[in-house]
Amino acid sequence: MPGDPIRRELARLRRPALAAAVIGLAACAAGFFLDRQLLLRSYLLAFLFWTGLSLGSLGLLMVQHLSGGRWGFAIQRPLEAAAKVLPLCALLFLPILLGQAEIYEWAHEDVVAGDPVLELRVGRYLNTPFFVARAVLYFLVWCGLALLLAGKSRARDEGAASAVKWLKGVSGPGLVLLGLSITFASIDWSMSTEPHWFSTMYGLHYMAGYGLSALLLMVLVMARLRHWEPASRVAQPPLFHDLGTLSFALTMVWAYFSFSQYLIVWSGNLPEETPWYARRAQGGWEALAAALLLLHFVVPFFLLLSRRLKRSAVVLARVALCLLALRVLDLYWVLAPAFHPAGPSPHWLDLATLLGLGGLWLLVFYRNLGAAPLLAREDPRAAQLESQAHPA
Amino acid sequence: MTTYRPIHGLMAEFDDPDALLAAARAARDAGYRRMEAYTPQPVHGLTEALGRRPTRLPWIVLGGGLAGAVAGFGLQYWINVVAYPLNIGGRPLNSWPAFIPPTFETTVLFSAGTAVVAMLALNKLPMPYHPVFNVKEFERASTDRFFLCIEAGDPLFHHKHTRTFLLGLEPLRVQEVKS
Amino acid sequence: MTETREAAPVVAPGHDYASATAAISDVVLRRKPPRAWFVTFGLGFLGVLVLFYTMGVLVLKGVGIWGVNIPVGWGFDIINFVWWIGIGHAGTLISAILLLLRQEWRTSINRFAEAMTLFAVACAAMFPIFHLGRPWVFYWMLPYPSSTGMWPQFRSPLIWDVFAVSTYFTVSLLFWYVGLVPDLATMRDRVKNKLAKVLYGIGALGWRGAASHWERYETAYLLLAGLSTPLVVSVHSVVSLDFAVAQLPGWHSTMFPPYFVAGAIYSGFAMVLTLLIPLRKLYGMGDFITMRHMDNMAKVMLATGLIVAYGYGLEAFTAWYSPSDFEQTLQRTRMHGPYAPFYWSLILCNVLVPQLLWFRRFRSRLAVLWVISLVVNVGMWLERFVIVVTSLHRDFLPSSWGMYTPTIFDISFLLGTIGLFLACLFLFIRVLPMISIFEVRTLVSPNKERGKGT
């Protein structure tokens, strides 16, 4: 039975995920009684990180349907598995929906009253009914796309010829919808923690970060499964080279977006814009910013230039794990200063929410990964792979 | 042993990159070291077949790029902080965010310049005259012919034996390259 | 004009090294240029004369001959500058990014696209230099120890522009020339005319195709591609910063850099299609520039067009979501002000019409594709017009509002650069191989029939 060793490996992986989920969620339950506000604010970060892995995967999935390429073929199934966690993410959004008042200042009428900026924004956009309606719409779009794409891809395995065309045809409009929905979701859920501030780069910044996170996850998955059939057929140095190069590119795009936004705000020096950066340049936040600059840009820049490093699954996976941790740090730097302007004040609840949601997310991800053959059949690229495996 | 007038080497002509590749491997296995292959477009694996080490060009370019970055940022720092300090809109003299775009440009400029100059220098180009151009058929080396030239400077080179060896590789023809 | 696509090959079957080399180099060496070449080059040359005349008048009388005024101090010059630079970007994108992505289809169009980049950047550079008023002292912008004791002001994006554009031109030139060297050797070896042989020979630097040379050559070429990719992004980002670091509504927007880069690629691909569709027919290059190329370029245009549309949408949302009167007024002025027809034409050209590219039916009809590419060229010009003029003509103080009308010299300068661009491009086609011969050779089989010699 092909795929059996993979199943066994997935079963092995499920145990720590289950432990993380149980411990993390138990700690969250304790937090619920200790400090509900702190819990929800940490929860938001964890939610945005893990949902981002699904959203980034959904985006990469559609990109590879459109662009082709062997890297996309190799990670198609893991991407589908990650995207199919989105229904769970929808469920995990409920605490944020119910606890809006604990997270967002615009949800307090007394704060809004008398503040002309907030009055306008709450009147037009940031009010609970519209907020809820938008969230419902986002999740409908996301879950719909994820389930449809994964379903059609399975249908293609069964030989449905129309599915190949269909996957390409849906991915174009799907990417448009995904881009728009991530933009507005990032405004709703993240940017509105500081409702006076606005930046048109924000959505793009989130998209680049999410795409990068998903790609790093794929490096880890493929490195972990590389020894077993059928993953071993694709998880070869050229695949890791491609994934490493793409990670390099997305890291640079992330840095480009981050720096462009900063340079424009810095040069404009307008009182409605600079507070966002001013808050993040004091009380210890500036140290985090420096760490991000160094570890999320300079170091990976030089590391991922190396062809040797990119072709080694083990080393690349180590780099990917570190970068994934830095993705959390980047989110923390973007999000948390809104709640802790005086300086970073890490709390065990930050870790507990990350663990709890992560455990749940991974459990569903592993289940999805085991539910379908790891390599898509009937993909035009599958035949190409066969011919490369046996060179003349 | 008869003495010959000095020549540059012996050149075998092929019409197929794979034949050339095989010939290069055979020549190396036979012990020849001072030889060069000439092709109308890059042929992958040829430098390995000839036994050359991979080029160190990327490291030279990295050096050029770092020099460009230091020079670019240093120039701006020196101008705006030391040589000609001006208060522009209350910005600090060392306005590092504003210095990043020009620094990036000088980095790219220096790297690209280094890449081209170093590539030409390592290849010893421009070189208007080279003995291989004396072979009439060599003008097809830029269209559809592939050449392997074993140079007379090779310790194993022997006018007759080397010619026999080259003929054994089934080329289109073998010719002398006058120096 | 419909041809089949999808599995259309990158190079039509039946070519070998010799025939591909001959087919491409004969355009320059053997065949007489078609009549259309003389007509187009003649028109371009006429444009060059118009350009020289306009420059002469400008140098004699000053920039007052243009329609620029206060408040619209940046009129056609900056619009045309950004437009031309943007057009240039497709060339770098095709030659560098697609090389890194190992997209073989780039091979038949990269040389032409790179040449387009060079000439477009040259045209672009005319505008800021002549807008200086005293173009002969343009070198004052460079950092050099001068007798005035003054140095450039590096907090200004206009100085960043000097660095970005000059670096871009230099690196594009290097990239293009390095790509040409082996082909110049081919030309040297094939040309009959003595003088031409010497000239091609000088350009070829004595290239003889040695294996060790090829290895360093390919490494250098890849490195140049790797460097050009972030460079092209940086250049249009710096151009966008000319606007975005200011505080003017409609200019000060953090997403300007990527939004401008997407717009640049959009207009660049449109220009490549505008030029290649007729040229391919004129020179019978359909074997090398296939429907696959057309289809892929149409798709890139669609994708970048959607990013640009995302930018327009987000700008409208920002204004609606903004508490600032100025932001809201700006958006209203765009949509209902005196220049509203420009805004709506821009939406029509850049957002609505290109949606046809979703459908293969339209992508595979060259006539339709050609018209769409023209429409996008116009649309991207209008976009810069809207950004520059609507933001400037009504800023914060109603008492200093004003209108901008271009003069005949604005128009003649633009037409003149279009002429210069065409003239240079057609000269290039006449004297150099418009398709990279040695790279095409890597895509075809060695020899059709083996003519064994002695």
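Me: Let's call a residue buried under 20% relative accessible area, exposed over 50% and partly exposed in between (1.4 Å probe, protein chains only). Is B:Lys124 buried or exposed?

Reply: Heads-up: this is a predicted model, where local features need pLDDT of at least 70, side-chain atom pairs count only at pLDDT 80 or more, and totals for chains, interfaces and linings use all residues. Residues are numbered from 1 along each chain as written, chains are lettered from A and ligands numbered from 1 in written order, and side-chain values use heavy atoms, leaving out hydrogens and water. B:Lys124 has a positive phi near 55° without being a glycine. Its relative accessibility is 57%, so B:Lys124 counts as exposed.

Me: And C:Leu205, buried or exposed?

Reply: C:Leu205 also isn't a glycine, yet its phi is positive, about 60°. It sits in the loop between helix H6 (194–204) and helix H7 (211–244) of chain C, with helices being DSSP runs of H or I, at least four residues, and strands E runs of at least two, numbered from the N terminus. Since its relative accessible area is 14%, C:Leu205 is buried.

Me: Which residue follows B:Leu125 across a cis peptide bond?

Reply: That bond has omega near -5°. The residue is in the loop between helix H4 (96–122) and strand S3 (146–151) of chain B. It's B:Pro126.

Me: Why does the largest nonpolar core lie between two domains of chain B, and which are they?

Reply: A nonpolar core here is a set of buried Ala, Val, Leu, Ile, Met, Phe, Trp, Tyr and Cys joined through side-chain atoms within 4.5 Å. This one has 203 residues, and B:Leu148 and C:Phe421 touch the most other members. Both domains, whose bounds come from an automatic or database assignment, give residues to this core, so it lies between domain 1 (7–54 + 132–178) and domain 2 (57–122) of chain B.

Me: How many residues of H11(A) are buried?

Reply: Helix H11 (residues 202–225) of chain A reaches 35 Å from first C-alpha to last, close to the expected 34 Å, which is 1.5 Å times one less than its number of residues. It's mostly covered, and the count out of its 24 residues is 21.

Me: Which helix gives the largest share of the lining of the largest cavity?

Reply: On a 1 Å grid over the protein atoms alone, a cavity is a set of points where a 1.4 Å probe fits but cannot get out, and lining residues have an atom within 4 Å of a point. The largest holds about 100 Å³, with points joined across faces, edges and corners and volume taken as the space filled by probe spheres set on them. Its lining includes A:Arg41, A:Tyr332 and A:Asp350. Four lining residues, the largest share, come from H2(A).

Notes: 1 Å grid on protein atoms, 1.4 Å probe; cavity = no way out; pocket = protein on both sides within 12 Å on 5 of 7 lines; lining within 4 Å.
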